[in-house]
Amino acid sequence: MLGWELPPYHVGGMGIACEQLCRNLASTGVDIEFVIPFDADFSHLDYMNVNPATTINFYTMAANNFDIYSSKHYHTSTQTLPANDIEVAYEKYVEKLVNLGSFDIIHAHDWLTFRAGLSAKQKSGKPLIVHVHATEFDRAGRAYGNQLVREIEYMGFQLADRIIAVSQATKQIIIDEYGISASKIDVAHNAYHFNPYEQLNGLNVYKYLDLLKKHGYQVVLSAGRLTIQKGLTHLMRAAKDVIAHQPKTIFLFVGSGDQYNELIRLSAELGISNNVIMVGHLNGTGQPWRDSFRIADVFVLPSVSEPFGLTPLEALSHSTPVIISKQSGVSEVLNHCLKVDFWDEQELANKLIAVLRDLPLKSMLSENGQRELNHITWKRSIDTIVEAYQRHLQGASP
């Protein structure tokens, strides 16, 4: 298994999805050697072996913005790839594992692991499964994006034995944007369950918001990376209309990214900066992150192109009702929520106002959403992945 992050060392949802996927795969008897590009303590993951490909600290890597969600460090105008050393070291380490170990399947997650996966396939003759949590088309906000990253993705899709997409929407993008046959792609939706490694105490870290809520304020939460993919400028403009009708509304943005300063400027230009709080990056397994969901009255995922989107499920696990864009993969499995086109700022504002004003609606969305969440499990997706393993093992080279 080739991945780029695992909680608590991660910058987005892919690490959480990989950890939960592996835990459920292991419960079916799959023996997993997981390769990660940095060195950290993963002793709590006792159901698989985690192999660091380098001695680089996670925080050093993250500080240099070298993560699975960013392709800005790859330049197509020169032959030099800044920050490429980590990927090269990762590929070489995987080649060593190929020579040392015995394995049946190579399972690679997203573009930064594809070249290592293809090298392992070439040297071992074993089948390669590539798991697509996002494409460059998504990260670029439904645009072409970085040419070199697109080429790496295309090469991985073409040469893999099987492709696992996290949603039907992602499968369709792989077909339409990369020209891959639908027959080569399986869909395995993500699921979500509480991280068992850290418990919450009864106090919420957002004491200032607690105080405001006692004075009649309500909180709208957006949690995730601050990038063009997430549609946050649309949410910010919708916020202006919400605040005009519901002045005691606070918009809480949790996350970091290249739109951080742009969103602050936009809130000032719209005259709503007094009602906007930008928290910055929070560890997705810690209490401050979870308390963001607990303090919120409604959660919004306004993404332009979201392959899946775990945060709405996480919000429901904290009893927080959700509004999601129709352009998200999670909308394929979640029905007890409100859905809106990412570009329809007026409709988004209308739905937010409705939830904030209508307590019975808010309660119904929360209660029904929580019940639905109990049925969104990993079982079906794990069955799909194991079936892909077994099918390609039968035709694998000896």
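Which residues are linked with D186 in a network of salt bridges? They are R162, E387 and R391. The model is predicted. This report starts with charged pairs, then turns to the cores and a pair of strands.

## Salt bridges

Side chains of opposite charge can pair when their charged atoms come close. Across the whole structure, a search finds 16 salt bridges. Three of them are set out here.

| Pair | N to O distance | Location |
|---|---|---|
| R139 and E136 | 3.0 Å | both in helix α5 (residues 136-139) |
| R391 and D186 | 3.3 Å | R391 in helix α15 (residues 379-393), D186 in strand β6 (residues 185-187) |
| D291 and R294 | 2.6 Å | both in helix α11 (residues 287-295) |

Take R391 and D186. Their side chains meet in a salt bridge. R391 sits in helix α15 and D186 in strand β6, so the pair ties together parts that are 205 residues apart in sequence. What about their surroundings? D186 has a relative accessible area of 15%. Buried means under 20%, so D186 is buried. R391 has 35% relative accessibility and counts as partly exposed.

The pair R139 and E136 stays within one helix. These residues are three apart in α5, about one turn of the helix. Both R139 and E136 are buried.

D291 and R294 also lie three residues apart, in helix α11. About one helical turn separates them. Is D291 buried or exposed? At 0% relative accessibility, D291 counts as buried. Its partner R294 counts as partly exposed, at 31%.

## The nonpolar cores

The largest nonpolar core holds 95 residues. Which of them touch the most other members? They are L6, L25, F34, M48, F157 and L313. Helix α1 (residues 13-26) gives the most to this core, with eight residues. Two domains contribute to the core. Domain 1 (13-191 + 377-396) and domain 2 (207-373) each supply at least three residues.

L313 shows what such contacts look like. Leaving aside residues up to four places away in sequence, L313 touches A191, Y192, F308, V330, L334, L373 and I376.

There is also a second, separate core. It has 30 residues, including F251, L266, V298 and L348.

## Strands β8 and β9

F251 belongs to the story of two paired strands as well. Strand β8 (residues 249-254) pairs with β9 in the parallel sense, over four bridges. F251 stands opposite V276 in β9. How does the chain get from β8 to β9? It crosses through helix α10 (residues 260-269), and this β-α-β crossover is right-handed.

In a regular strand the side chains alternate between the two faces of the sheet. Now look at strand β9 (residues 276-280). Its covered face has V276, M278 and G280. Its uncovered face has I277 and V279.

## A buried serine in a loop

Where is S303 found? S303 is in the loop between β10 (298-301) and α12 (311-317). Its relative accessible area is 0%, so S303 is buried. Which residues does S303 touch, not counting those up to four places away in sequence? They are Q229, K230, G231, S325, Q327 and F342.

Definitions and conventions:
Residues numbered from 1 in each chain as written. Predicted model: local features only at pLDDT ≥ 70, side-chain atom pairs only at ≥ 80, totals over all residues. Heavy atoms only, no water. Salt bridge = Lys/Arg side-chain N within 4 Å of Asp/Glu carboxyl O. Buried < 20%, exposed > 50% of the residue type's maximum accessible area, 1.4 Å probe, protein only. Contact = heavy atoms within 4.5 Å. Core = buried A, V, L, I, M, F, W, Y, C linked by side-chain atoms within 4.5 Å. Domains from an automatic or database assignment. Pairing = 2+ DSSP bridges. Right-handed = clockwise from strand over helix to strand, strands pointing away.
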